[in-house]
Each structure stands twice: as structure tokens, then as C-alpha cells.
Amino acid sequence: KTLFASYSQVTVIECSIEYWKEKNGGIPQSIEEKQTINVNQGARYLALKKCDWLIHIDCDELLYTSKPIKRIINRFNTDVVKFSILEAVAEQEKCNDIFSPTLFKKKSQRIKIFVAERLGCSKSIFKGEYFRAHTASKTAVKIKPKMKGNYGIHGPNKSLNISIENTNLIQLLHFDCVSIDEWKIKWDRRINGSGVALRMRDNRRKQMFLYEIAKNKGDESLSIMFNRMHGI
């Protein structure tokens, strides 16, 4: 919290035990539930501040654009603006800063992945997928009364009658597991219950299963597994 104390334009809300008791009656069971509660709390706060847009990203994500985000978003006459997504490549096992990688994977069509796998690029593909983390990207959502309580991790509730436009002018850079230490922390928290994820897709569950096997075999197996999953 003190890290941002000198930034007058930043408001920090600590997710303490007291916070969760007030907002949820207790600490939520999963990280998805925590994120959903927080994004809706954020939406209420921004509405009171008369803000126009909400963007919800994780601590291992950055937004990249060559022009001011406000100028780009205001071009759209839509409820939701969805960003293109790039996934960082682990260029080495260890790094001091998770935002140091400069190589990124681009989201690809299934047919391209299918062809690439059969042309000898199989080490970059795992169980038919090129990305290791989420592929849904993130969005800018216009703050409106009809959205109240309906904000999700990647955007508003799909049951709402809303308009969505995609843009390549804003890119979500996802630095998922760019070092072996970050990778271990993520999966250990999933396994030991301190960071339970209940909505993992099948591919992610398989990654976790193989991580457990590698961990039981020792550091060398973990190194091989990490480079297989997150290197190129």
C-alpha cells in the first residue's frame, strides 16, 4: 500500500480480512471470486467519481499502445472495447523483473496451430494450444447503470444486451510465468489452496498435473518442464 503513497492519482484499497468480511462475509474461496468482487467494487467507486470507463487487469499484465488510451477508447460508440492479447515468452529461467521479456506470442487461429504442429513446431504447442494462460484478453467497459453488479474478470456478463468491438490499437501484454520462480509460486498456490482457481480450462489443469509430477522428481525435471511450457 505504501508503494503508491506518493502517487496522488492512485487510490489503493487493501484486500484485508476486514475488507473481505465487509464485502463478502469472509475471504472468498477462489481467486476468480475475489477478482469478480473487486471489479464490481471498483465499478461502483468509479461511478461515484463520474468516470466513463473501467479497465480491469492483473498484476502480471500491462497495456501497450502508441497513442493515449483515452483518445483511442473515445473513438468507439460501443459498450465494450476488447483489446488484442499477446503472451510473453520466457527468454530465460530467471529474471529480476517480470516485465523484462520482449518476445511475445500472438493469438492464433486453430487451423494455424494445427498446421504449425504438423510442420515441426510441436514444442511451441501444448495439447493443441499455443498460449499457456488465458486467451480471452481484457476489455474497457463503459460504466452504465445496466452494468451494475454484472462486471466480470474479462468483461461484463454475457447475458446483457451489449455491443462489443475489438481493437488492435490497444494490446494486453500478459507476462504469465516468465520466470521459473513465478511459475513455481503460481502452481504451488493452486495446489496448496492459498490461490485456488476453480475455472481453469482443461489445458491449464493438464499443465498443473504435469507440474506436480515434475516437482516430485526434483529441480532438473522442473527446469525441463518450465522451458517446455514457457520457452520457444
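This passage walks through helix packing, a salt bridge, a loop residue and the empty spaces of a predicted model.

Helix packing comes first. Two packed helices are described by the angle between their axes and by the distance between those axes. Take helix α1, which covers residues 17-24, and helix α2, which covers residues 31-48: their axes cross at roughly 75° and come within 12 Å. An angle from 65 to 115 degrees counts as roughly perpendicular, so α1 is roughly perpendicular to α2. On the α1 side, the residues that make this contact are Tyr 19, Trp 20, Lys 23 and Asn 24, and they meet Glu 33, Lys 34, Ile 37, Asn 38 and Gln 41 of α2. Sorted by class, the α1 and α2 contact splits evenly, with three nonpolar, three polar and three charged residues.

Further along the chain, helix α7 (residues 219-230) takes part in a crossing with helix α5 (residues 180-192). Here the axes come within 11 Å, and the crossing angle is roughly 100°. That angle makes α5 roughly perpendicular to α7. From α5, the residues involved are Ile 180, Trp 183 and Lys 184. Their partners in α7 are Asp 219, Leu 222, Ser 223, Met 225, Phe 226 and His 230. In this contact of α5 with α7, five residues are nonpolar, two are polar and two are charged.

Helix α7 also packs against helix α6, residues 202-217, and this time the angle is about 155° with the axes 7 Å apart. Angles over 145 degrees count as roughly antiparallel, so α6 runs roughly antiparallel to α7. The α6 residues in the contact are Gln 207, Leu 210, Tyr 211, Ala 214, Lys 215 and Lys 217, while α7 brings in Ser 221, Leu 222, Met 225 and Met 229. The class count for α6 with α7 is six nonpolar, two polar and two charged residues. Leu 222 and Met 225 of α7 turn up in the contact with α5 and again in the contact with α6.

Next come the charged pairs. Side chains of opposite charge can pair when their charged atoms come close. The structure holds 14 salt bridges. One of them joins the side chains of Asp 79 and Lys 144, with a nitrogen-to-oxygen distance of 2.7 Å. This pair ties together distant parts of the chain, as its two residues are 65 residues apart. Asp 79 sits in the loop between α3 (69-73) and β3, and Lys 144 sits in the loop between β5 (139-142) and β6.

Another loop residue to look at is Thr 65, found between β2 (61-64) and α3. Leaving out residues up to four places away in sequence, Thr 65 touches Ile 72, Leu 169 and Ile 170. Thr 65 and Gln 9 are 56 residues apart in sequence, and their C-alpha atoms are 20 Å apart in space.

Finally, there are the empty spaces. Rolling a probe the size of a water molecule over the atoms shows where empty space is left. The second largest pocket holds about 270 Å³ of space. Its lining is made of 14 residues, and those nearest the centre are Phe 83, Ser 84, Ile 85, Lys 107 and Asn 168. The elements giving two or more residues to this lining are β3 (80-88) and β6 (164-174). With five residues, β3 provides the largest share. By class, the pocket lining has four nonpolar, seven polar and three charged residues.

As for closed spaces, the structure has one cavity of 30 Å³ or more. About 40 Å³ of space lies in the largest cavity. Lining the largest cavity are Leu 54, His 56, Thr 139, Val 141, Gly 152, Ile 153, His 154 and Gly 155. Three of these lining residues are nonpolar and five are polar, with no charged residues.

Methods:
Residues numbered from 1 in each chain as written. Predicted model: local features only at pLDDT ≥ 70, side-chain atom pairs only at ≥ 80, totals over all residues. Heavy atoms only, no water. 1 Å grid on protein atoms, 1.4 Å probe; cavity = no way out; pocket = protein on both sides within 12 Å on 5 of 7 lines; lining within 4 Å. Points joined across faces, edges and corners; volume = space filled by probe spheres on them. Helix = DSSP H or I, 4+ residues; strand = E, 2+ residues; numbered from the N terminus. Nonpolar A, V, L, I, M, F, W, Y, C, P; charged D, E, K, R; others polar. Axes fitted to C-alpha atoms, helices over the stretch in contact; angles between N-to-C directions. Parallel < 35°, antiparallel > 145°, perpendicular 65-115°, else oblique. Contact = heavy atoms within 4.5 Å. Salt bridge = Lys/Arg side-chain N within 4 Å of Asp/Glu carboxyl O.
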